[in-house]
Each structure stands twice: as C-alpha cells, then as structure tokens.
Amino acid sequence: MLIYEYLPHELARLGVVAKAAGLDHRRVATQVRLAQERAGRARMLPGEVHHLSELFIAELRRLQWERIAQLMEKERMAAYQPSRDSRAIHYEEQRLQRLMTDVAEAEQSGVTGPQICRYRVYRIGARPTAGCSSPDAPAPVVHLMAPSADAAAERAWAVHGKDGGLYQRGRYRIASVEQVLPEPGELF
C-alpha cells in the first residue's frame, strides 16, 4: 500500500490559505503581524538538528501571510478568496500532480491505491533529568512528522536516545510533544 504524506511546506501553505479564506484586510494584517512575531521569536531560538525546525515553519507561514496580504491589496479584495489566488491554485495543482505521480508509481509496482496519512508535525522538547550533572544544560527541541503525539515521542527517542545521541541516554527525558502543523483545529 502506498502511503501519501503531506509535506511540511504543503501543510504550512494549506493551513494559511484555509485560515485566510474569507478574512478581511484587518484580520489578514493581524495574522501577518503574528506570523512576523513568531518568526522573530524563532530566530532567537537555538539551532535545531534537522531542516524541519520552528524557524523553517514560522518563515513558511510568515511568507504566506505576507503574500496573501499583498495579493489582497493588489487585487483589491475585500476578503481573501483562494479561488482568485493563482499561487494557491498552483500549490494545489502541484500537490495533486505529486499525488497522481505517487499513484501511478504505486500501480506500476503492483501496490494498491494510496492511503493518505494524516501525518502531523510535532515539536518534541526534552529536559535534563535529575541525574544530569549540569542543571543549566540546554533543552533540545526537534520537529518530526508522525501520525500521533505518542508516535512522535517514540520516533524522537528512537532517533536521538541512543548513546552519543542528542538526548545522551539517561541525561534527558522527553518533556513535551506539541502538534505544530497543521495547527490544532485546522483540517485538510
């Protein structure tokens, strides 16, 4: 069975377009400001070990909100309409093309139809354990795609909990798992 996953940039784009639909200039401007603030805070965070990071997600969302605000002004939209947004239409066409390509490749290899997985992006935070020699040790954060919070925590530990890994076996524990894409309440 082929498993089709949304990519992080697709989740970010889809989330912004869906959230922006029907919003007026004032509400879009508020979202632009919030996205810019989030990106600014993310720039101040320590670097993460993977390409998928809080900064990457925040910048994707900021760019989408700024683009939508500019489009609304240029096209004189009273409220954002995704059907009048050629870039949003193009994103959806790209996503559908990728899905069709995945289906065609699966059929050629004898795999039955695709299953669309509702993978989400989770932020996993770790904290030093009581046995850690330095109470001021950094609290590493990673972002991973997984179907659930439990699966994200298990994957984070499997990847980073090894000797010499980010969690330095026994010195850290996973303290939080938070869904960041799509944002809670967003449906695709």
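**Figure 1. Lining of the second largest pocket.** His9, Glu10, Arg13, Leu14, Val17, Ala88, Tyr91, Glu92, Gln94, Arg95 and Arg98 line the second largest pocket. Two elements, α1 (8–20) and α4 (86–108), each give two or more residues to this lining. α4 gives the most, with six residues. By class, the lining has five charged, four nonpolar and two polar residues. The volume of the pocket is about 190 Å³. The model is predicted: local features need pLDDT of at least 70, side-chain atom pairs count only at pLDDT 80 or more, and totals for chains, interfaces and linings use all residues. Residues are numbered from 1 along each chain as its sequence is written, and side-chain values use heavy atoms, with hydrogens and water left out.

Terms: on a 1 Å grid over the protein atoms alone, a pocket is an open set of points where a 1.4 Å probe fits, with protein on both sides within 12 Å along at least five of seven lines; lining residues have an atom within 4 Å of a point. Grid points are joined across faces, edges and corners, and the volume is the space filled by probe spheres set on the points. Ala, Val, Leu, Ile, Met, Phe, Trp, Tyr, Cys and Pro count as nonpolar; Asp, Glu, Lys and Arg count as charged; the others, Gly among them, count as polar.

**Figure 2. Helix α4 from cap to exit.** Asp85 caps the N-terminal end of α4, with a side-chain oxygen 3.0 Å from the backbone nitrogen of Arg87. The helix has 23 residues, which should span 33 Å at 1.5 Å a residue; the end C-alpha atoms are 33 Å apart, in agreement. The expected span is 1.5 Å times one less than the number of residues. Ala88, Tyr91, Arg95, Leu99, Asp102 and Ala106 are the buried residues of α4. Buried means under 20% relative accessible area, exposed over 50%, and partly exposed in between (1.4 Å probe, protein chains only). Just after α4, Gly110 takes a positive phi of about 85 degrees.

**Figure 3. Arg67 on helix α3.** Arg67 sits in α3 (residues 54–75). Arg67 counts as buried because its relative accessibility is 12%. Leaving out residues up to four places away in sequence, Arg67 touches Val17, Tyr80, Asp85, Arg87, Ala88 and Tyr91. Contact means heavy atoms within 4.5 Å.

**Figure 4. Two exposed arginines, Arg26 and Arg76****.** Arg26 lies in helix α2 (residues 25–44). With a relative accessible area of 56%, Arg26 is exposed. The C-alpha atoms of Arg26 and Ala78 are 9.9 Å apart, with their positions 52 residues apart along the chain. Arg76 is in the loop between α3 and α4. Its relative accessible area is 74%, so Arg76 is exposed. Arg76 is not a glycine, yet has a positive phi of about 55 degrees.

**Figure 5. Arg123 and its polar partners.** Strand β3 (residues 120–128) holds Arg123. This residue is buried, at 19% relative accessible area. Its side chain makes a polar contact of 2.2 Å with the side chain of Glu54. A second side-chain partner is His143, at 3.3 Å. A polar contact is a pair of N or O atoms within 3.5 Å; within protein, one must be able to donate a hydrogen and the other to accept it, and residues adjacent in sequence count only if both atoms are side-chain atoms. Residues touching Arg123 include Arg38, Val141, Ser176 and Val180, not counting those up to four places away in sequence.

**Figure 6. The fold as a whole.** The protein has five helices and five strands. Helices (H or I, at least four residues) and strands (E, at least two) are DSSP runs, numbered from the N terminus. Along the sequence the pattern is β-α-α-α-α-β-β-β-α-β.
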